Amino acid sequence: MTHEPPRGSPGDSGVRPAAEGHAGETRSHQPHRPRRLYAALDLGTNNCRLLVAKPEGASFRVVDAFSRIVRLGEGLAQTGRLSEAAMDRAVEALKVCRMKLRDRQVARARLIATEACRQAANGADFIARVKAETGLALEVVDRGTEAQLAAQGCVPLADPRSRGVILFDIGGGSSEIVWLLPRGPGRQGGPPTAEILGWTSLPVGVVTLAERHDGKHVTRESFERMVDEVAAMVEPFAHRKAIQAQIEHLHMLGTSGTVTTLAGVHLGLPKYDRRRVDGAWLGAGEVDVILDQLLDMSYDDRIAHPCIGAERADLVLAGCAILEGMRRHFPCQRLRVADRGLREGILVSLMRQDGVWRRPSHHREQDTRPAGSGGTR
């Protein structure tokens with residue numbers, strides 16, 4: 001099920017504009033409404049994540065955030081359905097999001113659901129339940145829309161000196177690869193834009209792959225089997241050979257819990273720190289070393305690691321296998337880590353629709369979140 005709200009409209013999000021119901025309110029007549037708040041919600045196969053932000057300069061500043069691992073797609077690959085327990089977890093997280101949206105008086109929001117709801121036979125029933133119990137109307141987007149939004153959210157981290165970027169987004173139930181060319185902000189202003197030269201979506205994510213191959217107890221042999229499976233999925237990508245022909249001029253840009261975990265392990269962080277992870281560069285050799293370290297860890301070791309923990313211990317090596325399956329075809333020497341993505345892309349698209357950056361701006365911000373806003377991987 002796919003639904004696209006009319007361009008430039010608030011969308012059927014169930015979020016009531018902050019100005020509604022306030023007689024005598026005059027802020028709605030001001031041309032740019034500097035305090036107008038926007039929100040982006042991403043309900044994925046593994047996580048439920050929310051950002052609330054306001055335009056600032058040529059970008060935006062996050063004023064509130066929420067992230068919770070709900071594992072909505074748990075068991076989906078075996079049953080074809082969302083389980084009652086998984087739906088209960090997701091609904092409880094969405095109730096928290098609804099409270100934040102109401103308390104912050106968000107004016108514009110886009111609330112999307114991805115692979116788990118696309119695949120599940122009872123996905124439409126779950127969407128209806130969410131509407132009934134929380135008042136939120138989730139929009140189930142297709143994979144193309146997901147790839148486009150992730151690209152918009154991550155493009156500020158693309159190296160402008162490169163001839164292109166291979167963006168990858170490793171999700172819980174699907175993984176996207178986007179070949180993009182960074183561009184300037186364009187006539188509408190705001191953050192940089194990107195020209196998408198080609199993209200593909202792999203029907204595999206950390207939850208589905210870990211469930212098939214036992215993400216808790218991973219040997220080097222079972223890890224290679226996972227890598228082989230993913231590499232075979234990348235093989236049919238129509239733009240694969242064109243990318244390979246200029247691979248030395250490209251770099252990878254990763255947005256997912258997998259790559260932020262790799263960066264945290266590489267940096268030896270005592271706890272996750274978004275300020276050090278977002279935008280970090282990893283060389284190909286450094287990625288190899290980190291993978292060896294993770295493969296040498298037991299499940300209990302991964303639980304004990306401050307940048308992995310119990311919630312990711314059974315998923316991180318499946319995510320690494322997906323990354324390795326991609327790197328077999330696209331052996332870039334540099335990988336940039338993004339603790340940002342789809343939600344940031346939603347916020348940028350909403351703000352562009354409202355023309356918040358059309359007036360002249362005398363400075364450009366590279367980051368879409370302030371230092372210290374906290375990671376919500």
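**Figure 1. Strands β1 and β4 run parallel in this predicted model.** Strand β1 covers residues 38–43, and strand β4 covers residues 108–113. They are joined by 6 bridges. One residue of this pair of strands is Ala40, whose bridge partner in β4 is Arg110. Helix α2, residues 84–103, packs on the sheet and touches both β1 and β4.

**Figure 2. The open sheet has 5 strands.** Their order is β3-β2-β1-β4-β5. The pairing is mixed. Which strands are the edge strands? They are β3 (59–69) and β5 (139–140), and each pairs on one side only. Helix α2 also touches β2 (47–56) and β3. The direction of helix α2 makes about 155° with that of β3.

**Figure 3. Thr134 sits in helix α4.** The helix spans residues 123–134. Is Thr134 buried or exposed? Its relative accessible area is 9%, which is under the 20% cut-off, so Thr134 is buried. Residues up to four places away in sequence aside, Thr134 touches Val91, Leu94, Lys95 and Arg98.

**Figure 4. The side chain of Thr134 has backbone partners at Val130 and Leu136.** At Val130, the partner is the backbone oxygen, 2.6 Å from a polar atom of the Thr134 side chain. At Leu136, the partner is the backbone nitrogen, which the Thr134 side chain reaches at 3.1 Å. Both distances fall within the 3.5 Å cut-off for a polar contact.

Definitions and conventions. Residues are numbered from 1 along each chain as its sequence is written. This is a predicted model: local features need pLDDT of at least 70, side-chain atom pairs count only at pLDDT 80 or more; totals for chains, interfaces and linings use all residues. Side-chain values use heavy atoms; hydrogens and water are left out. Helices (H or I, at least four residues) and strands (E, at least two) are DSSP runs, numbered from the N terminus. Buried means under 20% relative accessible area, exposed over 50%, partly exposed in between (1.4 Å probe, protein chains only). A polar contact is a pair of N or O atoms within 3.5 Å; within protein, one must be able to donate a hydrogen and the other to accept it, and residues adjacent in sequence count only if both atoms are side-chain atoms. Contact means heavy atoms within 4.5 Å. Two strands pair if DSSP finds at least two bridges between them. Axes are lines fitted to C-alpha atoms, for helices over the stretch in contact, and angles run from 0 to 180 degrees between N-to-C directions.
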